[in-house]
Amino acid sequence: MDKIDYLVDKAARMRKLVMEMCIRAGTGHVTSSFSCVELLVALYHGRVLRYDAHSPSWPRRDRFILSKGQASPILYAVLADCGFFPKSWLRSFCQAGGKFGVHLQHDVPGVEITTGSLGYGLGIGAGMALAARLNRELYLTYVLLGDGECHEGSVWEAAMFAGHHQLNNLVAIVDRNWLCATDFTENCMRLNPLHKKWASFGWDVVCINGHSFPEILSAFSGLDSRQRNRPLAVIANTVKGRGVDFMENQPLWHGIAPEKEEARHALCRLKKQQKNLI
Amino acid sequence: MKSQTMRDAFFDRLYELALSDRRIMVVAADMGAPSLDKFRRDLAQQFINIGIAEEAMVTVAVGLALSGKKVYTYAIMPFATLRCFEALKVNVSLMNVPVTIVGVGAGFSYDDSGPTHHATEDLSVMRVLPNFVIYNPSDSFLAARCADMSYNLSVPCYVRLDRKVLPTVRTKAFDIAAGYRIISSAKDGYLLATGNMVHQAVKIAGILSKKSIDVGVIDIFRIKPINEEILVDISSKVAWLATLEEHLLAGGFGSSVAEVLVDRRISTPLKRIGLAEKYYYEYGGRGYIRSVCHLTPEIVAMEIRKWLRD
């Protein structure tokens, strides 16, 4: 199996794992997770992030911040799959006595910060990136934001800060699925031209298909050499709910897990996708 | 001791610490001070002026702190706290990150600036945040010690500094770790004061003593955690207590004292003196504003006498 096939297979497995977690819990942000499955799989399984699952606080690790903390199910699934903690923890997602719930918790191995209140991850990531520069450390800091999250003013305060300080060890990834909780981003408060906004804040910007592993890996290649002198924004065009046709691009599927017949349909589709890959 | 603002006393001491501990960083929201000029000049890598962006001030500070820095944020008090309150909750309090929030302008310090710049609600909300230690010094000596105490903490801290040059409080030697200092002892009652109101309390005690009411003054400069033992101790020795703050009564310093007394089943009468729930568009100096909101020594002394009679 070549690298891309391996990643595609891994993404299919992760989608199924997330769906099972959320159906069991009867809650969880399935669609928000599904838009960034390929991004997280590429980061953790595509040799992009440096990490040691047996030593989550390894000082030389790259920092990954999931600022859109509602997509915690996919990060938890990926972290468990990488060995940061036992996969059995996923079964108690949102259950009494479980280790974690809907929004991301900093006390889970492999998780850098608590998120769930949107708009804070980029500022914290900028602080980490600045600290790396001051301490002459080589790690990179990646922050994954939702596009709806970019409505928050604090995102732009942090973007301005990072651009001003030319933090070329900082990468912002915008999961551009075009939806926030109740409506399309462009209906409630227009974000476009999003790439120009980031560029005007002093960032290099690349726009990619966020479900294409070759495009994702290409966007993240060569970052270690620090050839650029600006932070990098990767705007990843994605589909919210990607992988389950009746959930794709539907505002009403935000923040909920399918039940009963719909749950069976969703799982059936994901299993089929995995089988087709095999 | 030379007259110095609390701000300069605090940052002068922090500068000394920062010379030997390069982990110390100040992230300021477009605020300057003579004492901060030294940071800019000598310790350029330890000072960031982040501009007028308080949420970024907090989040960048947290990112630095999570990467091993000892970080101090600095802004005018309402903006250092209320403006970015939820950022403080989620990123500092909830994750228990040892960042020190330094606010300048306690109470009516910005007496020419109106209620946008008055800090009369911050204490009520900041003291509900878990993990935070809160200092409210009453003079420059204590402000400098707050730099040391916050430096030695491994939890979040909030330091409230007055903007004005306040006189140095004269007291006997005291244990700074106790979080209070007894300025004068008495047999009838105690005024428990904090921050700038400690100086008013001394004047109030003087007025009451002329009316044959023997009143002591205690400066409580660590508001959280408040030293419960001293409250229990003095409650058993006098007939009444009064708290004094240039802050809203709702949830403020007096409330924190009242909570201790209630929980400890202490029935010593307590009078809370502070601000009513309103804003003051008043100018003409702090003394004038205090006269409007009934916080001058003469008015407070009269109020206490009336309360004692009732």
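**The contact between chain B and chain A**

Between chain B and chain A, about 1800 Å² of area is buried, and carbon and sulfur atoms give 67% of it; buried area here is the accessible area, taken with a 1.4 Å probe, that two parts lose on being put together, summed over both. On the chain B side, E55(B), S67(B) and M95(B) lose the most area to chain A, together 26% of what that side buries.

Before going on, I should say that this is a predicted model, in which local features need pLDDT of at least 70 and side-chain atom pairs count only at pLDDT 80 or more, while totals for chains, interfaces and linings use all residues. Residues are numbered from 1 along each chain as its sequence is written, chains are lettered from A in the order in which they are written, and side-chain values use heavy atoms, with hydrogens and water left out.

The contact, meaning heavy atoms within 4.5 Å, takes 22 residues from chain B and 20 residues from chain A. There are 0 salt bridges between the two chains, a salt bridge being a side-chain nitrogen of Lys or Arg within 4 Å of a carboxyl oxygen of Asp or Glu.

Now to the cysteines. Over all chains the structure holds 0 disulfides, where a disulfide is a pair of cysteine sulfur atoms within 2.5 Å. C36(A) is in none, and the nearest cysteine sulfur, that of C22(A), is 12 Å away. C36(A) is buried, with a relative accessible area of 0%, whereas C268(A) is partly exposed at 41%; buried means under 20%, exposed over 50%, and partly exposed in between, with a 1.4 Å probe and protein chains only.
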